[in-house]
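Morning, everyone. Please bring the structure up on your screens, and I will walk you through it.

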Amino acid sequence: PSSTPVVLRSAGFSDGFIVNCDAQGNLLPTLYFPRLRSDLKRYTGIAVANWGKTPADVEFTAFDDSGSKTTQPSGVTNPKTLTIPAGGQVAMLATQIFSLPSDQPGSGWAQAQGTSSQLAGFFLEGGTDLSYLDGAVAGNSSSKELFFTRGPVGSEIVGNSAYENRIDVVNPNPVSARIDLKLLNQFGVIQETATRVLGPLGRMSEELTSLFPSMPGSVTKGYI
């Protein structure tokens, strides 16, 4: 048991992998927030809850799309550690957590590493004009296979309004990763494929019509 990160190395994987354990040997999850965007028109909110019986320190770290830690502009606090009381919650804008100016465009992703195994989180992106709000639960594990269950695009999706469907994928590993993407229709038949390579700690954020340029201008069903 250890309260500090423990490096595990497995035969055949020279780069190894890193896990965090508490003093009792329990694995400490890392929460992944794959989408941070902020400017004068939009914001990202982050919430982390501690459902345990003891306070937990949570270290938030922000990265840009290339995998580098966010360091600009001057005055940024990254990483940033916050203490969440037992049964408590931290809910803040990403710009507040990292002391980022809200009037300058920014995008990337963040991770949160805590001293408790009893943490959960989610994130929201919204428009400053209150025109939209969307989000998801923060993932606490990585996988070699992901399913994006809704693949519609076009003006027929939301009352003749332009509908953008964007995929965000993060590589939280210290080595590069190749991503093979497949666009399937509602019957599971592959319509188009694409490949992207993410560097260590890198992020992909791309609209479906850019990933799959041959897809029709309006698609109401399908998945990736």
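Start at R166. Setting aside residues up to four places away in sequence, R166 touches R35, S205, E206 and E207. One of those contacts can be described at the atom level. A polar atom of the R166 side chain lies 3.1 Å from the backbone oxygen of S205. R166 itself sits in strand β12, which covers residues 166-170. Is R166 buried, or is it exposed? Neither: its relative accessible area is 30%, and buried means under 20% while exposed means over 50%, so R166 counts as partly exposed. One more distance here. R166 and L211 are 45 residues apart along the chain, and their C-alpha atoms are separated by 9.4 Å.

Please keep in mind that this is a predicted model. Mean pLDDT for the protein chain is 82, and 80% of the residues score at least 70. Which elements mark the two ends of the confidence range? Strand β1, residues 6-10, has the lowest mean pLDDT, 39, and β7 has the highest, 96. Over residues 1-17, pLDDT stays under 50. The model has 26 contacts beyond four places in sequence for that stretch.

Next, a sheet. Four strands form an open sheet in the order β8-β5-β10-β11, and the pairing is antiparallel. At the edges are β8 (89-93) and β11 (133-137), each paired on one side only. On average, neighbouring strands of this sheet are turned by 15 degrees against each other, direction ignored. Look at one pair in detail. Strand β5, residues 42-50, runs antiparallel to β8, and 5 bridges join them. In this model A47 stands opposite A91 in β8.

Now the inside. The largest nonpolar core has 20 residues. Which of them touch the most other members? They are F33, L36, I46, V48, F60 and F98. Several elements give two or more residues to this core, among them β4 (30-38), β5, α1 (94-97) and β9 (106-114). The largest share, 4 residues, comes from β6.

Take L36 as an example. Leaving aside neighbours within four places in sequence, L36 is in contact with residues including I46, F98, W109 and R203. A second, separate core has 13 residues, including I179, L181, M204 and I224.

To recap. R166 is partly exposed, the open sheet has 4 strands, and the largest nonpolar core has 20 residues. Over to you for questions.

Technical notes: Residues numbered from 1 in each chain as written. Heavy atoms only, no water. Buried < 20%, exposed > 50% of the residue type's maximum accessible area, 1.4 Å probe, protein only. Contact = heavy atoms within 4.5 Å. Polar contact = N/O pair within 3.5 Å; in protein donor to acceptor, adjacent residues only side chain to side chain. Pairing = 2+ DSSP bridges. Axes fitted to C-alpha atoms, helices over the stretch in contact; angles between N-to-C directions. Core = buried A, V, L, I, M, F, W, Y, C linked by side-chain atoms within 4.5 Å. pLDDT = per-residue confidence, 0-100.
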